[in-house]
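Walk through this fold from the whole chain down to single side chains. Keep the structure in view while reading.

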Amino acid sequence: MRLTSQIRPLRYQITLQLDPDQDDFRGRVTIDVEVLSEQPHLILHASDLEVEGATRVDAETIRVDGVLGAGQHQLTLSYQGQVNPRLR
């Protein structure tokens, strides 16, 4: 996942649950961010992931609605996806 230019990441904490015998995985990411100017929503690049509470914009992008005022925030997103067999 990659943030837009108006939101500066300060710290990432990522949890991944993966069972080698399964074709899918789950995870959670907590991102401490500094918002440079108020944002009506958050755009993230998240290829091949389903993100809880997010709307898929296209194959590479998701949108999380909700105004973020300028300042520091902590975002927590849960996600899931399929293991890509080409990467094994």
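Of the 88 residues in the chain, 27% are buried. The model is a predicted one. Its C-alpha trace spans about 45 × 25 × 20 Å along the principal axes. The chain holds eight strands and zero helices. Read from the N terminus, the elements run β-β-β-β-β-β-β-β. Contacts reach far along the sequence. Take those between residues at least 6 apart: 65% of them join residues at least 24 apart.

Start with the sheet. Four strands make up an open sheet in the order S2-S3-S8-S5, and their pairing is antiparallel. Which strands stand at the edges? They are S2, residues 7–18, and S5, residues 49–51. Each has a single partner strand, so one side of each lacks a neighbour in the sheet. On average, neighbouring strands here are turned by 25° against each other, direction ignored. Strands of a sheet pair through backbone hydrogen bonds, in a parallel or an antiparallel sense.

Now cross the sheet strand by strand. S2 pairs with S3, residues 24–35, through 11 bridges in the antiparallel sense. These two strands form a hairpin, with five residues between them. Within the pairing, Arg 8 stands opposite Glu 34 of S3. Next comes the pairing of S3 with S8, again antiparallel, over 12 bridges. Here Val 29 faces Leu 77 in S8. At the far end of the order, S5 is joined to S8, residues 71–82, by three bridges, and the two run antiparallel. Val 51 has Tyr 79 of S8 as its bridge partner.

Several of these residues return in the core. In soluble globular proteins, nonpolar side chains tend to be buried together. The largest nonpolar core of this model has 17 residues. Those with the most contacts inside it are Ile 7, Val 33, Leu 42, Leu 49, Val 51, Leu 77 and Tyr 79. Which strands supply at least two residues each? They are S3, S4 (39–45), S5, S7 (61–68) and S8. S3 gives the largest share, five residues. Val 51 and Tyr 79 thus appear twice: they are bridge partners between strands, and they rank among the residues with the most contacts inside the core. Leu 77 also has two roles. This residue stands opposite Val 29 in the sheet and is listed with the best-connected core residues, those with the most contacts.

Turn to the charged side chains. Side chains of opposite charge can pair when their charged atoms come close. How many salt bridges does a search of the whole structure find? It finds three.

One of them joins Glu 34 and Arg 8, with the closest N and O atoms 2.1 Å apart. The pair links distant parts of the chain: Glu 34 sits in S3 and Arg 8 in S2, 26 residues apart. These two residues also stand opposite each other in the strand pairing. Glu 34 counts as partly exposed, because its relative accessibility is 23%. Arg 8 is partly exposed too, at 43%.

Another salt bridge connects the side chains of Arg 11 and Asp 32, at 3.7 Å from N to O. Arg 11 lies in S2 and Asp 32 in S3, so this pair ties together parts 21 residues apart in sequence. Is each partner buried or partly exposed? Arg 11 is partly exposed, with 43% relative accessibility. Asp 32 is buried, because its relative accessible area is 18%, and the cut-off for buried is under 20%.

The remaining bridge is formed by Asp 65 and Arg 63, whose closest N and O atoms are 2.8 Å apart. At 28% relative accessibility, Arg 63 is partly exposed.

Finish at Thr 30, a residue of S3. Thr 30 is buried, because its relative accessible area is 14%. Its side chain makes a polar contact of 3.2 Å with the side chain of Thr 76. Neighbours within four places in sequence aside, what does Thr 30 contact? The residues are Arg 11, Tyr 12, Gln 13, Gln 74, Leu 75 and Thr 76. Arg 11 is also the salt-bridge partner of Asp 32.

Methods
Residues are numbered from 1 along each chain as its sequence is written. This is a predicted model: local features need pLDDT of at least 70, side-chain atom pairs count only at pLDDT 80 or more; totals for chains, interfaces and linings use all residues. Side-chain values use heavy atoms; hydrogens and water are left out. Two strands pair if DSSP finds at least two bridges between them. Axes are lines fitted to C-alpha atoms, for helices over the stretch in contact, and angles run from 0 to 180 degrees between N-to-C directions. A nonpolar core is a set of buried Ala, Val, Leu, Ile, Met, Phe, Trp, Tyr and Cys residues joined through side-chain atoms within 4.5 Å. Buried means under 20% relative accessible area, exposed over 50%, partly exposed in between (1.4 Å probe, protein chains only). A salt bridge is a side-chain nitrogen of Lys or Arg within 4 Å of a carboxyl oxygen of Asp or Glu. A polar contact is a pair of N or O atoms within 3.5 Å; within protein, one must be able to donate a hydrogen and the other to accept it, and residues adjacent in sequence count only if both atoms are side-chain atoms. Contact means heavy atoms within 4.5 Å.
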